[in-house]
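This report describes the surroundings of a bound ligand and then the packing of one pair of helices.

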Amino acid sequence: TLYDVDRAGLAALLAGEPAYRVEQVWEGLYGQGREPAELTTVPKALRARLDEELPTALTEITRSVTDDGATTKFLWSLDDGPHIETVLMHYDDRTTVCVSTQAGCAMACSFCATGQAGFERQLSVGEIVEQVVRARRAGRDSTTGDSTTGDSTTGARRISNVVFMGMGEPLANYDRTWAAVHRLHDDLGIGARHLTISTVGVVPGIRRLAVADLPVNLAVSLHAADDELRDELVPINRRYPLASLLEACGDYVTRTRRRLSFEWALISDVNDRFEDAARLAGIANDLRAHVNLIPLNPTPGYAVRGSSRNRVHAFAGDLRRRGVNVTIRDTRGSDIDAACGQLRAVQQRGAVQQRGAGHHHAPVAIRPSAR
Ligand code: SAH
């Protein structure tokens, strides 16, 4: 598909055209985020050929918007049927896209909706990259009304950050994820420090990241500080128990000299007690890691509740007193099932559905692709 092709592939496809076309098309697609049909510097016949030979991978099914327009969840269908989701989040100081790296997930974490639904297939490089390109375009379209410059690349809604925290386990699709990282970095111009890969703790992948050629951020979904509880919450822990995970994290920090962060979803009476904070603080302090607390978001397959707001703040305070650098992640998009752990690629009933600027459609309407 369109974003699967690399420069060499595009050059091969454009053999016979003037050499500068490759750069022109590439810059149009990535630098300016245009669709082939909008590549107005390119002859019409060539545009049509590109459109024909390099179809896009994602068909938009629904778009759910919340937080006064600051959060948008996209539900896409892939050519062979699977559905995936992408979340676009505007903040005061940045705009972040949260991308999926697999359709479904094989890790089976008990409290995560994606894990509850199981694995469908790996996403290709193009399917990962296109999520960012399409989200960027959507953000731009919805703000063109107040854009005064008309210059899309300098608009306020430039994508500043990409987090690999959507559906799937990025390090279980390492090569394609890493190729997508490069495309985002090299061609979309997103700095490596603005790219974050989150893993459930796939040790061989962490070891590869430690020697990878771009300094992206690494987040590790820890959630438990002892094997008994972690085996239960995060079954991959049976394969890569805490000792091996923490050793890989230690090597990563030593080699890269970068700060790692641990994600910890707070589950009432499961991992939010005083002892849990003490153990987590020990681990985080050893590695000088940052801790990102995530208030548990509700999912259909997990009856246990998230910690109360008070408990979340008390837990954070406890960690801080022990010298740990802590942040509490906001629950962006939880009302449209767009928050952490809620992505499962089914259509929401009752959410504000929107496709295109301000057009509302019934939540169940599946819209075929325009192309
Ligand atoms: N597979 C990778 C990427 C997904 S990131 C990983 O596990 O890190 C999604 C983050 O949301 C992970 O930290 C995950 O543990 C967390 N999460 C999953 N279910 C959640 C839920 N119900 N509430 C809050 N966070 C959840």
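## Polar contacts of the ligand

In this predicted model, a backbone N or O atom of Gly168 lies 3.0 Å from a nitrogen atom of the ligand, a polar contact in the sense of a pair of N or O atoms within 3.5 Å. A polar side-chain atom of Glu169 is likewise placed 3.0 Å from a ligand nitrogen atom, while an N or O atom in the side chain of Glu263 is 3.3 Å from an oxygen atom of the ligand.

Taken alone, the ligand exposes 530 Å², of which the protein buries 95% (Shrake-Rupley method, 1.4 Å probe).

## The shell around the ligand

The elements giving two or more residues to the shell are β8 (195-199), β10 (261-266) and β11 (290-295), strands being DSSP runs of E with at least two residues and helices runs of H or I with at least four, numbered from the N terminus. Of the 21 residues around the ligand, Phe111, Ser198, Ser221, His223 and Asn297 come nearest, where a residue is near if one of its heavy atoms lies within 4 Å.

## Helices α7 and α9

The axes of α7 (residues 203-210) and α9 (residues 242-256) come within 9 Å and cross at roughly 5 degrees, which means that α7 is roughly parallel to α9 (angles under 35 degrees).

## Basis of the values

Residues are numbered from 1 along each chain as its sequence is written. Local features need pLDDT of at least 70 and side-chain atom pairs pLDDT 80 or more, whereas totals for chains, interfaces and linings use all residues, and side-chain values use heavy atoms, with hydrogens and water left out.

Technical notes:
A polar contact is a pair of N or O atoms within 3.5 Å; within protein, one must be able to donate a hydrogen and the other to accept it, and residues adjacent in sequence count only if both atoms are side-chain atoms. Axes are lines fitted to C-alpha atoms, for helices over the stretch in contact, and angles run from 0 to 180 degrees between N-to-C directions. Angles under 35 degrees count as roughly parallel, over 145 as roughly antiparallel, 65 to 115 as roughly perpendicular and the rest as oblique.
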